[in-house]
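Please look over the model shown here before reading on. The text then takes up a pair of helices and an enclosed space.

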Amino acid sequence: MSLMPRLMLLLLALSPLSALAAPAPATLVEGKDYDVIEQPGPFAPLAGKIEVVEMFGYTCPHCAHFEPQLEAWAKKLPKDVRFTPVPAAFGGVWDSFARAYYAADQLGVAKRSHAAMFTALHEAGSLPMQNVSPDELAGFYAAYGVKADAYTAALKSDAVEQKIKYARAFAQRTKVPGTPALLVNGKYMVKGNSFEELLRNTDALIARERAAKAR
């Protein structure tokens with residue numbers, strides 16, 4: 001066997017190992033893996049962070065299914081990434097539960113009660129999807145040490161109303177198509193055919209923004 005065929009065989013034998021040792025980075029495709037937001041801007045000042053916003057709705061079954069996976073992913077985010085849940089204020093029942101979230105946030109129990117609200121609506125059925133009353137919501141949050149009158153006051157407060165208006169304006173400006181939606185730095189609307197793909201693409205866009213900051 002001549003030298004050239006031997007070299008060819010050696011290269012063919014080593015090529016799979018080379019591919020495993022140094023995999024090519026995935027290339028994101030605009031329109032398939034993400035959309036560029038026409039009127040960009042983060043939900044809150046970045047202050048040196050990379051922002052990931054999740055637009056969610058408590059009554060959305062897809063958000064309920066996504067929540068455990070998203071929560072596990074968010075817990076592992078690096079310190080330079082800020083994860084911000086934003087309730088979708090699309091009107092009607094969406095606004096009722098967006099207010100519920102922001103009232104809980106104002107009282108310091110939103111994080112602890114977040115997953116349980118999905119359970120109450122989609123599994124236990126202990127809260128109604130439609131026409132939920134302030135008393136029913138106060139009863140739910142009582143399990144987190146919140147007094148009924150304090151919760152009702154927060155629910156009706158100007159501060160919560162302003163947050164609802166801001167969340168609605170953000171959704172309108174970025175043209176959020178539905179829930180759940182993930183947005184990176186207010187620049188990219190993440191796309192994916194599965195929750196796993198959605199998170200992979202989000203990770204890649206975070207890496208893109210981190211690299212842009214380093215330049």
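What follows describes a helix packing first and a cavity afterwards.

This is a predicted model, in which local features need pLDDT of at least 70 and side-chain atom pairs count only at pLDDT 80 or more, while totals for chains, interfaces and linings use all residues. Residues are numbered from 1 along each chain as its sequence is written, and side-chain values use heavy atoms, with hydrogens and water left out.

Helix α3 spans residues 93-106 and helix α7 spans residues 158-174, and the two pack with their axes 9 Å apart at an angle of about 125 degrees (helices being DSSP runs of H or I with at least four residues, and axes being lines fitted to C-alpha atoms over the stretch in contact, with angles from 0 to 180 degrees between N-to-C directions). The two helices are therefore oblique to each other, a word for angles that are not under 35, over 145 or from 65 to 115 degrees. On the α3 side the contact (heavy atoms within 4.5 Å) includes Tyr 102 and Arg 99, and on the α7 side it includes Ile 164 and Glu 161. By class, this contact of α3 with α7 has seven nonpolar, one polar and six charged residues.

The structure also holds one cavity of 30 Å³ or more, a cavity being a set of points on a 1 Å grid where a 1.4 Å probe fits but cannot get out. The largest cavity contains about 50 Å³ of space, and among its lining residues (those with an atom within 4 Å of a point) are Phe 56, Tyr 58, Trp 94 and Phe 97. Helix α3 gives the most to this lining, with four residues. The lining of the largest cavity has eight nonpolar residues, two polar and no charged.

Technical notes: Nonpolar A, V, L, I, M, F, W, Y, C, P; charged D, E, K, R; others polar. 1 Å grid on protein atoms, 1.4 Å probe; cavity = no way out; pocket = protein on both sides within 12 Å on 5 of 7 lines; lining within 4 Å. Points joined across faces, edges and corners; volume = space filled by probe spheres on them.
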